[in-house]
Amino acid sequence: MLMEWILLFGAGVLGGILNSIAGGGSFITFPALMFVGLPAIAANATNTFAVCAGYLSGAYGFRQDIAHSATKLPTIIVISLLGGALGAYLLLNVSEQQFIIAIPWLLLFATLLFLFGHHLSAWLTRAARASSLHPLWSQVAIGLLLLLVCSYGGFFNAGLGVIVLSYLVLAGYNDINQMNGLKLLVSSCVSVIAIAVFVLDGVIDWQKGFAVMIGTLVGGYVAARVSRKVEQKYVKGFVALSSIFMTLYFFVDVYA
C-alpha cells in the first residue's frame with residue numbers, strides 16, 4: 001500500500017512539473033492510476049480530480065490576463081460547463097470495455113496534438129484569416145467548436161490544454177498570456193463540472209486522487225523554481241517520448 005502512495009505521489013510530482021513547463025502531465029498520472037489497479041473509467045475520473053487544483057491555481061495566477069476577455073467570459077464559462085458535463089455524462093454511459101478500447105486512440109490524438117500542435121496552430125491562424133463566413137455563422141461555429149473541445153475534456157482529460165490552445169488560435173486570440181489564462185479557465189470549468197458529475201456517480205477514488213493531487217502541487221512549486229534552468233526542448237522531448245511510449249503500450253495492451 002505504501003508503495004502505491006509513493007508511486008502516485010511521484011507520478012503527481014512529475015506530472016505537476018510537466019504541466020507547469022510544457023503540458024502533458026496526464027500522460028504520467030493517468031497510466032499511474034491504472035497501474036495501481038483502478039479501472040480505466042475510475043482512473044480517468046480520479047485523474048480529472050487530481051489535476052483540477054493545478055488548473056484552478058493557474059487560472060487564478062492569470063486572472064489579470066483573463067480579465068481582458070471580460071465581455072466573452074460568461075459565454076466561455078457556460079459553454080465550458082455544458083461541454084464538460086456532456087463529456088463526463090458520456091464517459092459514465094460507456095462500458096468499461098468500450099472506454100479501454102478508446103484509450104489508445106484518445107492518447108494517440110492527444111500525442112499528435114502535442115507533437116504537431118504548433119503546425120496546427122499556424123494552419124488554423126491562416127484559415128481563420130482567410131475565412132469569409134458571415135460574422136454570425138462564424139461565432140456559432142466557434143461556440144460549437146468550444147463545446148466539442150470541452151466535451152472531449154469531460155470525457156478524457158489528457159491533452160485538454162493543447163486542444164484548448166488550438167481552439168483559441170482559431171477563435172482569433174494571439175496574446176500568449178491571455179491564451180494561457182483562458183486555457184486554464186476553460187480547463188478549470190470542464191474539470192469542476194466533470195468532477196461534480198463523477199461525484200454523483202461515486203466513481204472517484206479520493207485517497208489515490210489526493211495522493212496524485214498533492215504530488216502535482218509539489219511538482220508545480222518545484223517547476224516554478226527550476227523551469228528557467230531547464231531548456232524547454234528537453235522537457236518537451238521527455239513528454240513526447242513518454243506520450244509515445246504510453247500510446248504504444250496501450251495499443252499493444254488492448255489489441256495484441
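**Cysteines, a buried threonine and a nonpolar patch**

The sulfur of Cys 150 lies 8.0 Å from the closest cysteine sulfur, that of Cys 189, which is too far for a bond. A disulfide would need the two sulfur atoms within 2.5 Å. The model is a predicted one. Cys 150 is also buried, because its relative accessible area is 0%.

The wider search agrees. Zero disulfides turn up in the whole structure. Cys 52 is in no disulfide either, and its nearest cysteine sulfur, again that of Cys 189, is 9.5 Å away. Cys 52 has 6% relative accessibility, so this residue counts as buried.

Next comes a threonine. Thr 48 sits in helix 3, which covers residues 40-61. Is Thr 48 buried or exposed? Thr 48 is buried, because its relative accessibility is 1%. What does Thr 48 touch, not counting residues up to four places away in sequence? Its contacts are Asn 157, Ser 191, Ala 194, Ile 195 and Phe 198.

Now turn to the surface. A nonpolar patch of about 510 Å² is found there. Phe 9, Val 199, Trp 206, Phe 210, Ile 214 and Val 218 make up this patch. Which helix gives the largest share of the nonpolar patch? Helix 10, residues 206-226, supplies four residues. Phe 9 belongs to helix 1, residues 2-21. Phe 9 counts as partly exposed, because its relative accessible area is 35%. The cut-off for patch residues is over 30% relative accessible area.

Terms used. Residues numbered from 1 in each chain as written. Predicted model: local features only at pLDDT ≥ 70, side-chain atom pairs only at ≥ 80, totals over all residues. Heavy atoms only, no water. Patch = residues over 30% accessible without salt bridge, like charges linked within 9 Å, V, L, I, M, F, W, Y side chains within 5 Å. Areas by Shrake-Rupley, 256 points an atom, 1.4 Å probe, with all protein chains shown as cover. Salt bridge = Lys/Arg side-chain N within 4 Å of Asp/Glu carboxyl O. Helix = DSSP H or I, 4+ residues; strand = E, 2+ residues; numbered from the N terminus. Buried < 20%, exposed > 50% of the residue type's maximum accessible area, 1.4 Å probe, protein only. Contact = heavy atoms within 4.5 Å.
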